[in-house]
Amino acid sequence: MSKTLNYYNQNAAKFCQNTVSVEFTATQNRFLSCLPASARILDFGCGSGRDTKAFLEQGYQVDAIDGSEELCKLASRYIGVEVRNMFFQELSAVSEYDGIWACSSILHLTREELAEVMRKMSIALKPNGIIYTSFKYGTFEGERNGRYFTDMTEETFADFIKDIKELQTEEAWISSDARPGRSEEKWLNLILRKN
């Protein structure tokens, strides 16, 4: 994981520049439509802060965290609220959130770490809480471009989630990468509900 964090610390400015203005409203709205008005949201690995800013502007209560200190600094400046520097494994909230937004973030965990973190996410959710998460589409697991990735398909995710009894998949869909020039890259998007 430290290699992945080093990558984000060293490339924070470029990463923010490439992601902060990406049009993501349709996916954000799909997630928000599952939540009560004025819901409490955890942006779990907020990166540039793009989504936290969008949720705050719509009146939601948002806590934002990221494992990269440099991304936390840049996102805090962009959003105007403090982004906490925290690792996914450190999540200890209990029944605190209506929704957890984990956009292109927990895909950097190994499969074993992912199972542990998803259980912690489930504990952090209120009853019937919602998780949005996304993975690069495929079956690759390992290092790519200086970062660790666990890719998923509908089948591999269904197989993975069956051991996490606390969560069930409500929706799954495939999308193209929203960044310019990356449309050939596919993503698996998921909305999960706490049982």
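Okay, let's start at Ile 123, which sits in helix H6. Keep in mind that what we're looking at is a predicted model. Is Ile 123 buried, exposed or something in between? It's partly exposed, with a relative accessible area of 47%. Leaving aside residues up to four places away in sequence, Ile 123 touches Ala 93, Val 94, Ser 95 and Lys 194. For a bit of scale, take Thr 52: Ile 123 and Thr 52 are 71 residues apart in sequence, and from C-alpha to C-alpha they are 21 Å apart in space.

Let's stay with H6 for a moment and look inside. The largest nonpolar core has 33 residues. Which elements give two or more residues to this core? Those are S1, S4, H6, S5, H7 and S9. H6 gives the most, with 6 residues. If you want to click on the residues with the most contacts inside that core, go for Phe 44, Ile 100, Ile 106, Met 118, Met 121 and Phe 157.

Phe 157 deserves a closer look. Skipping residues up to four places away in sequence, Phe 157 touches Met 118, Phe 135, Met 152, Thr 169, Leu 188, Leu 190 and Leu 192. There's also a second, separate core of 16 residues, and among its members are Leu 32, Ile 41, Trp 101 and Ile 191.

Now over to helix H7, residues 154-161. Its buried residues are Thr 156, Phe 157, Phe 160 and Ile 161. How are they arranged around the axis? They cover an arc of only 125°, so they lie on the same side of H7. And what covers them? The cover includes H6, S5, strand S8 (167-176) and strand S9 (186-194).

Right, on to charges. How many salt bridges does a search of the whole structure find? It finds 14. I'll walk you through a few.

First up, Arg 40 with Asp 63, where the closest N and O atoms are 2.7 Å apart. Here the pair links distant parts of the chain, with Arg 40 in strand S1 (residues 40-44) and Asp 63 in strand S2 (residues 61-66), 23 residues apart. Arg 40 is partly exposed, at a relative accessible area of 22%, and Asp 63 also counts as partly exposed, at 22%. This pair isn't on its own, either: Arg 40, Asp 63 and Glu 96 are linked in a network of salt bridges.

Next, Lys 126 and Asp 98. Their closest N and O atoms are 3.4 Å apart. Again the pair links distant parts of the chain: Lys 126 is in strand S5 (residues 125-136) and Asp 98 is in strand S4 (residues 97-102), 28 residues apart. Which side of the cut-offs do these two fall on? Lys 126 counts as partly exposed at 30%. Asp 98 has a relative accessible area of 14%, and because buried means under 20%, Asp 98 is buried.

The last one brings us back to the helix we started with. The side chains of Arg 111 and Glu 141 meet in a salt bridge, 3.0 Å from N to O. Arg 111 lies in helix H6 (residues 111-124) and Glu 141 in strand S6 (residues 141-144), so this salt bridge ties together parts that are 30 residues apart in sequence. As for exposure, Arg 111 counts as partly exposed at 22%, and Glu 141 is partly exposed too, at 36%.

Key: Residues numbered from 1 in each chain as written. Predicted model: local features only at pLDDT ≥ 70, side-chain atom pairs only at ≥ 80, totals over all residues. Heavy atoms only, no water. Salt bridge = Lys/Arg side-chain N within 4 Å of Asp/Glu carboxyl O. Helix = DSSP H or I, 4+ residues; strand = E, 2+ residues; numbered from the N terminus. Buried < 20%, exposed > 50% of the residue type's maximum accessible area, 1.4 Å probe, protein only. Contact = heavy atoms within 4.5 Å. Arc of directions from axis to C-beta. Core = buried A, V, L, I, M, F, W, Y, C linked by side-chain atoms within 4.5 Å.
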